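User: I'm new to protein structures and would like a close look at one part of this one: its inside. Please walk me through the residues packed there, and go slowly.

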Amino acid sequence: MIVPDAQKILLLGGTGFIGRHTERVLKLSGVRVLQFNRKKINWADSDGICRYLNENEPDAIICLASPNPRDIRITLADLNAHLSGL
């Protein structure tokens, strides 16, 4: 398995070329894949990101996204803050 003991993986950028293939491999491995993309949640909405993480509680996060640099800085800061609080 790609991430040992992970039952639920949050895949950032799952709609791109690499993301689609990664999602397929994860699902074939029996992992529940959560999608998180700009169409579902505004990457600049820190409250929305934290709410999503709290509601879905992923075991691991794989980032294959390529948003604009400002968005990725905000997202990584929010993910770090959330994970530090666990």
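Analyst: Let's start with the word we'll need most. A residue is buried when its relative accessible area is under 20%, exposed when that area is over 50%, and partly exposed in between (1.4 Å probe, protein chains only).

Some ground rules next. You are looking at a predicted model, where local features need a pLDDT of at least 70 and side-chain atom pairs count only at pLDDT 80 or more, while totals for chains, interfaces and linings use all residues. Numbering runs from 1 along each chain as its sequence is written, and side-chain values use heavy atoms, with hydrogens and water left out.

Now the overall layout. The protein has three helices and three strands, where helices (H or I, at least four residues) and strands (E, at least two) are DSSP runs numbered from the N terminus. Going along the sequence, they come in the order β-α-β-α-β-α. Of its 86 residues, 40% count as buried.

So to the inside itself. A nonpolar core here is a set of buried Ala, Val, Leu, Ile, Met, Phe, Trp, Tyr and Cys residues joined through side-chain atoms within 4.5 Å. The largest one has ten members: L10, L12, L34, F36, I41, W43, I49, Y52, L53 and L79. Strands β1 (8-12) and β2 (32-36), along with helix α2, each give two or more residues to it. The largest share, three residues, comes from α2. There is another core apart from this one, with eight residues, including A6, L11, V31 and V33. As a general pattern, nonpolar side chains in soluble globular proteins tend to be buried together.

Let's zoom in on two members. A contact means heavy atoms within 4.5 Å. Skipping residues up to four places away in sequence, F36 touches L10, L11, L12, G13, I41, W43, I49 and Y52. L79 sits in helix α3, and it counts as buried because its relative accessibility is 8%. With neighbours within four places set aside, L79 is in contact with L12, I49, L53 and I61. L79 and L53 are 26 residues apart along the chain, and their C-alpha atoms are separated by 8.5 Å.

A word of care about that helix. The pLDDT score is the predictor's confidence in each residue, from 0 to 100. Among the protein's elements, α3 (residues 69-84) has the lowest mean pLDDT, 67, and α1 has the highest, 91. Across the protein the average is 79, with 78% of residues scoring at least 70. Where pLDDT is low, the predicted coordinates should not be read in detail.

Now a buried residue in strand β3: that is where I62 lies. I62 counts as buried because its relative accessibility is 18%. Leaving out neighbours within four places, I62 makes contact with I9, L10, L11, L12 and L26. I62 and I9 are 53 residues apart in sequence, yet 7.2 Å apart in space, C-alpha to C-alpha. Zooming out, residues 24 or more positions apart account for 62% of the protein's contacts with a separation of 6 or more.

Then there's N56, in helix α2, which is buried because its relative accessibility is 17%. Its side chain reaches the backbone oxygen of Y52 at 2.9 Å. Beyond residues up to four places away, N56 touches K8 and L34.

For contrast, step outside. E57 lies in the loop between α2 (46-56) and β3 (60-63) and is exposed because its relative accessible area is 55%. E57 also has a positive phi of about 45°, although it is not a glycine. G30 is in the loop between α1 (17-28) and β2, and it is exposed because its relative accessible area is 54%.

Last, the cysteines C50 and C63. C50 is partly exposed because its relative accessible area is 25%, and C63 is partly exposed because its value is 38%. With a disulfide taken as a pair of cysteine sulfur atoms within 2.5 Å, the count is zero.

Terms used:
A polar contact is a pair of N or O atoms within 3.5 Å; within protein, one must be able to donate a hydrogen and the other to accept it, and residues adjacent in sequence count only if both atoms are side-chain atoms.
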